[in-house]
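This report looks at charged side chains, at the pairs they form and at the surface they leave open.

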Amino acid sequence: MSHEIIPIPPPAPDFAAVTAFRNCVSPKHTVALPECLWASADPEVQKSCFLARVCQHRAPRECVFHRVAPILQEGPTCGFVTISMLLGGVRTADQIFQEAKAKGFTALGEMFSAANLMDILQSQVQFSGSCHLFVGDLNCDEIREALKRGVCLIVPYDSDVNHSPCLKKGHKAHWALITGYLIDNDGQFYVIARQGKSRLLGIWPLSALAESNANLTEFAQPKQHPEANFILPEGGIAGPNGLCRRSIVISDGFSGDKFIFH
C-alpha cells in the first residue's frame, strides 16, 4: 500500500513585521522603530541610521549636520542639484544647468570637472559663503576637522544601487552634498549626505567616500544616453581638471538650522 507524502506547508509570513518594515521606510514614519532610539525625536535621522545599520543600539559620540531639504534630480543633473540644495532651492537645478551650459561646461547636465562645478557655485549671487577646491585623500584629519567646524562638501563619487559609495572606476560617477558628520562609539567617522536620486539621508563611512572619490579614473558612456556627446575636461576625469581626488569645501552661507547630538 503506497502512501502519499504530503509536504509540511511553510509557516505563514509575519505580516506585522512586513508591514512595520514597509512603514519604516515610507515617508510617513508611522511605526516606532526598535533601534536607533537615541534619534527617535527626529524620525528622518532615526530611519536613516536604521537603514544604514549605524548606531543601532548605542548612541553616537557626536552627530552634527546642517538640515538641507532633499531635491530630486531630472536627468544627469546631480551636480547642479547639490548646489540647488545648498542654496535652499532658491535656484533650481535647471537654472544652474543652463548657466553651466552657456559656459560650455556641460551638454545634458553632466559635470565631470570639480573645478568647473565650483566656478558655477561661486557665480551664484545667492551664495554668500566661500569655497575652495580640495585635492587629495578625503579620509584625513584636515577634512574631519573641517566637518567638525561646520563646513559642507560637494563630492563626486561612484554611486551604488542604494546610492552609497562604491568602486566602479568612475563608471557610476555621481555628486553628493555632505552636510555634516557622525562619530560612533568605536570612533568610526561617518558623513551625512544628500544626493539627487533619493530623499533619504545618506550615512556613509568617510573612508568609503574617500576611496570612491579616489577611484574616479574612467569615463563610461551612460546606457541611458548611448549617442550623447558629453563634455569632458582636458585630461579626462582623472586629470587635474576632473573628478579624481577632488572635492569642493564650502564655508558659511548655509540656510536652515542644524541637527546636533552630543
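## A positive patch on the surface

With a relative accessible area of 42%, Lys168 is partly exposed, a value that comes, like every other one in this report, from a predicted model. Lys168 sits in the loop that connects β4 (165–166) with β5 (173–183), and together with Lys172, Lys197 and Lys223 it makes up a positive surface patch. Lys168 can count towards such a patch because membership requires over 30% relative accessible area and no salt bridge.

## Salt bridges in the whole structure

How many salt bridges does a search of the whole structure find? The search yields 8, among them the pair of Glu44 and Arg194, whose side chains meet at 2.8 Å, N to O. Glu44 belongs to helix α2 (residues 43–52) and Arg194 to strand β6 (residues 189–194), so this salt bridge ties together parts that lie 150 residues apart in sequence.

Are the two partners of this pair buried or exposed? Arg194 is buried, its relative accessible area being 4%, whereas Glu44 counts as partly exposed at 25% relative accessibility. The assignment of Arg194 follows because buried means under 20% relative accessible area.

## A network around Arg67

Another salt bridge joins the side chains of Asp257 and Arg67, at 3.4 Å from N to O. Asp257 is placed in the loop between β8 (246–251) and β9 (258–261), and Arg67 in the loop between β1 (62–66) and α3 (78–86), so the contact links parts that are 190 residues apart in sequence. Asp257 counts as partly exposed, at 44% relative accessibility, and Arg67 likewise counts as partly exposed, at 32%.

Which residues are linked with Arg67 in a network of salt bridges? The network consists of Asp42, Arg67 and Asp257. Although Arg67 has 32% relative accessibility, residues that take part in a salt bridge are left out of patches by definition.

## A pair between a loop and helix α5

Lys103 and Asp119 also form a salt bridge, with their closest N and O atoms 2.7 Å apart. Lys103 lies in the loop between α4 (93–102) and α5 (114–122), while Asp119 is part of helix α5 itself, so the parts tied together here are 16 residues apart in sequence. Both partners count as partly exposed, Lys103 at 43% relative accessibility and Asp119 at 31%.

Technical notes:
Residues are numbered from 1 along each chain as its sequence is written. This is a predicted model: local features need pLDDT of at least 70, side-chain atom pairs count only at pLDDT 80 or more; totals for chains, interfaces and linings use all residues. Side-chain values use heavy atoms; hydrogens and water are left out. Patches are made of residues with over 30% relative accessible area and no salt bridge: like charges are joined within 9 Å, nonpolar side chains (Val, Leu, Ile, Met, Phe, Trp, Tyr) within 5 Å. Accessible areas come from the Shrake-Rupley method with a 1.4 Å probe; for residues, only the protein chains shown count as cover. A salt bridge is a side-chain nitrogen of Lys or Arg within 4 Å of a carboxyl oxygen of Asp or Glu. Lys and Arg count as positive and Asp and Glu as negative; His and the chain ends are not counted. The place of a charge is taken as NZ of Lys, CZ of Arg, CG of Asp or CD of Glu. Helices (H or I, at least four residues) and strands (E, at least two) are DSSP runs, numbered from the N terminus. Buried means under 20% relative accessible area, exposed over 50%, partly exposed in between (1.4 Å probe, protein chains only).
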